[in-house]
Every structure is written in structure tokens, then in C-alpha cells.
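Got the viewer open and the sequence panel handy? Let's walk through this one stop by stop, selecting as we go.

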Amino acid sequence: MNEVQRQAYLSSLGIENYAPRWLLPAARTSVACVMPAFDIPICSDLPPVIVDLKVVNDSQVEHRNSPPNLLTAITDLGSQKKSPSPVNAATILQQLDVKKVPVVQPFSLSIYRPTSGILIIDSRNTTLALPTELLLNNILRVFLKNSQFTLDEEVLRWPMIENRFVSRTENDARNELQTWLAVENELRPVQTLWLMGENAARYWLDADSDYSKLYFAMQPLKDLPLTALISPSLNHLLQHPADKSRIWACLPN
């Protein structure tokens with residue numbers, strides 16, 4: 001075959017490099033062909049000849065010409081390419097009407113485990129310097145009466161795995177935090193759960209729930225066998241002392 005034609009066929013098939021694995025009996029010696037730097041059209045006056053090799057036995061090879069099926073194969077490959085979907089004005093307008101899902105900014109939560117079986121999750125506000133632990137200590141002294149407890153704050157940051165190239169939505173936060181709480185409940189079973197503040201309540205309640213209307217009440221959690229006391233954050237209670245009386249009313253006598 002003409003070398004330029006062969007290179008054109010290989011290019012059409014997406015084959016960049018080709019080397020024979022073995023030399024056929026009575027085959028011509030291969031001669032290197034220096035390809036030009038520009039594309040040369042396939043010579044129309046040199047029809048392709050494809051040799052079909054049929055092995056009769058170990059010592060005899062029969063050569064015969066066959067129809068140029070390679071051109072048909074190349075045409076079939078081109079026809080199998082997926083045609084692009086039609087684009088019209090309605091499709092473009094529909095894409096413009098789709099609203100982007102709002103992104104949730106990173107936040108952090110304070111985790112307290114005063115005694116075994118009690119888990120308190122509070123929404124943090126790092127811009128305020130208020131004595132939140134002192135207020136929580138007073139609340140727990142009333143709630144636990146004479147029981148001993150410790151207040152060691154743990155900080156839970158969301159997202160737990162930072163990736164600045166990925167936009168995080170409310171559903172992402174809900175799924176990740178619910179998974180975290182489910183694992184916590186398996187490792188250390190929770191009998192008493194307090195969710196204090198917006199970020200602590202929003203992501204463990206139903207997406208359609210208005211958490212602000214559920215303050216100072218017990219609510220079952222979505223997809224978890226737990227019931228939690230929903231309340232404002234400790235920062236909010238320090239800034240709105242009148243709401244402290246409602247917290248005291250929620251505590252058992």
C-alpha cells in the first residue's frame with residue numbers, strides 16, 4: 001500500500017503508532033517513509049489493496065485479494081459518533097431559569113459531654129467574647145443537681161474535610177452532620193440531647209421545619225432514633241436574658 005494512504009487510514013482509526021509484530025513469509029522489506037510536515041490528501045489514483053491472509057497449514061500461506069472493507073469500517077465508525085443534541089431558544093431560557101442552590105458558608109459548633117449519655121451541641125460565634133461556658137455550667141448545675149460533671153469544649157468544624165474547589169450546600173451539611181451524629185450515638189449512646197442555636201438545630205431537623213418556632217420544646221430528629229431539646233444558642237441567651245427563664249422552665253424539677 002502507498003505509505004501516505006496507510007498513514008491516513010491509521011489516523012482515521014485513531015492509531016498514532018503502528019509496528020508489525022512479526023514478518024510474514026515472502027513479505028517485502030519495510031522501508032522507512034519520511035512523512036511531510038503538512039497533510040497530503042489520499043491519492044485517488046492508487047486504489048487500496050488489502051491482503052487477507054488465510055493460514056492453510058504451518059508451511060503454506062495463501063494470499064488472496066479481498067474487497068476494501070476498511071473504508072466501510074471507517075465510515076461506520078464515523079456514523080456511530082453521537083450527534084449533538086439540538087440547541088434552541090427554549091433550552092437556553094430553561095437553563096437560565098434554573099436557580100442556583102445557595103452555598104452554605106463554613107461554620108463551627110461547640111460540643112459538650114458533661115456526663116455519660118448527655119450531648120450538648122451549641123452554635124458558636126467567634127466574633128463574640130461572652131462567658132458561654134459559665135452560663136452552661138449554671139444550667140447544668142440545676143439540671144444535674146448534685147451530680148458531678150465536666151465542661152470540656154470540643155469544636156466541630158463544618159465542612160469536616162475542607163475543599164475550596166467544591167461548593168457546599170445545605171443538603172451537604174445536613175447529610176454530613178446527620179451521619180456524624182448517627183456514628184456518635186453508636187459509639188456513645190445519647191440519652192439527653194440539646195441542640196442550641198441555628199446551626200445546631202437546622203441541620204438535624206426536617207428541611208421544611210422552622211426551627212425558630214420549635215425553641216424550648218422537645219423534637220424528634222430526622223432519620224435518627226433521638227429526641228432533642230431545641231433552644232437558642234448560649235450567646236443568644238446571654239444577649240437576651242429574658243429567654244433564660246424559658247430555659248429554666250424546660251429543665252425537670
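Start by selecting Arg-113 and Glu-154 and showing their side chains: they meet in a salt bridge, 2.6 Å from N to O. This is a predicted model, so keep that in mind at every stop. The pair links distant parts of the chain, with Arg-113 in the loop between β3 and β4 and Glu-154 in strand β5, 41 residues apart. Glu-154 counts as partly exposed because its relative accessibility is 38%.

Keep Arg-113 on screen and add Glu-184. Here is another salt bridge, with the closest N and O atoms 2.4 Å apart. Glu-184 sits in helix α5 while Arg-113 is in the loop between β3 and β4, so this pair ties together parts that are 71 residues apart in sequence. Are Glu-184 and Arg-113 buried or exposed? Both are buried.

Next, move to Arg-124 and Glu-153. They form a salt bridge too, the closest N and O atoms being 3.4 Å apart. Again the pair links distant parts of the chain: Arg-124 belongs to the loop between β4 and α4, Glu-153 to the loop between α4 and β5, and 29 residues separate them. Arg-124 has a relative accessible area of 27%, so it is partly exposed. Glu-153 is partly exposed as well, with 34%.

Now bring Arg-113, Glu-154 and Glu-184 back and add Arg-188: salt bridges that share partners join these four into one network. How many salt bridges does a search of the whole structure find? Six.

Leave Arg-124 showing and select Ser-110. You'll find Ser-110 in strand β3, residues 107–112. Its side chain makes a polar contact of 3.2 Å with the side chain of Arg-124. Ser-110 counts as buried because its relative accessibility is 3%. Which residues does Ser-110 touch, leaving aside those up to four places away in sequence? They are Ile-120, Ile-121, Asp-122, Arg-124, Glu-153 and Glu-154. Some of those names should be familiar from the salt-bridge stops: Glu-154 pairs with Arg-113, and Glu-153 pairs with Arg-124.

Time for some backbone oddities. Most residues other than glycine have a negative phi, and most peptide bonds are trans. Select Trp-158 and Pro-159 and look at the bond joining them: the peptide is cis, with omega about 0°. Pro-159 lies in the loop between β5 (154–158) and α5 (170–187).

Then jump to Phe-216, which is not a glycine but has a positive phi of about 65°. It sits in the loop between α6 (198–202) and β7 (217–220). With a relative accessible area of 15%, Phe-216 is buried.

For a long-range pair, pick Pro-131 and Leu-234 and draw a C-alpha to C-alpha distance. In sequence they are 103 residues apart, and in space the distance is 8.8 Å. Pro-131 is in the loop between β4 and α4 (132–144), and at 44% relative accessibility it counts as partly exposed.

Switch to a surface view and select Leu-13, Ile-15 and Tyr-18. Together they form a nonpolar surface patch with about 270 Å² of accessible area. Leu-13 lies in the loop between α1 (3–12) and β1 (50–57). Its relative accessibility is 32%, so it counts as partly exposed.

Now colour by pLDDT. Which element has the lowest mean value, and which the highest? Strand β1 is lowest at 46, and β4 (residues 118–123) is highest at 94. Over residues 49–67 the pLDDT is below 50, and this stretch has 23 contacts in the model beyond near neighbours in sequence. For the protein, the mean is 76, and 69% of residues reach 70 or more.

Finally, clear the selections and zoom out. The protein has eight helices and eight strands. Of its 253 residues, 30% are buried. The accessible surface comes to about 18000 Å², and carbon and sulfur atoms account for 53% of that. Among contacts between residues at least 6 apart in sequence, 62% join residues at least 24 apart. One such pair from the tour is Arg-113 and Glu-184, 71 residues apart.

Methods. Residues numbered from 1 in each chain as written. Predicted model: local features only at pLDDT ≥ 70, side-chain atom pairs only at ≥ 80, totals over all residues. Heavy atoms only, no water. Patch = residues over 30% accessible without salt bridge, like charges linked within 9 Å, V, L, I, M, F, W, Y side chains within 5 Å. Areas by Shrake-Rupley, 256 points an atom, 1.4 Å probe, with all protein chains shown as cover. Helix = DSSP H or I, 4+ residues; strand = E, 2+ residues; numbered from the N terminus. Buried < 20%, exposed > 50% of the residue type's maximum accessible area, 1.4 Å probe, protein only. Polar contact = N/O pair within 3.5 Å; in protein donor to acceptor, adjacent residues only side chain to side chain. Contact = heavy atoms within 4.5 Å. pLDDT = per-residue confidence, 0-100.
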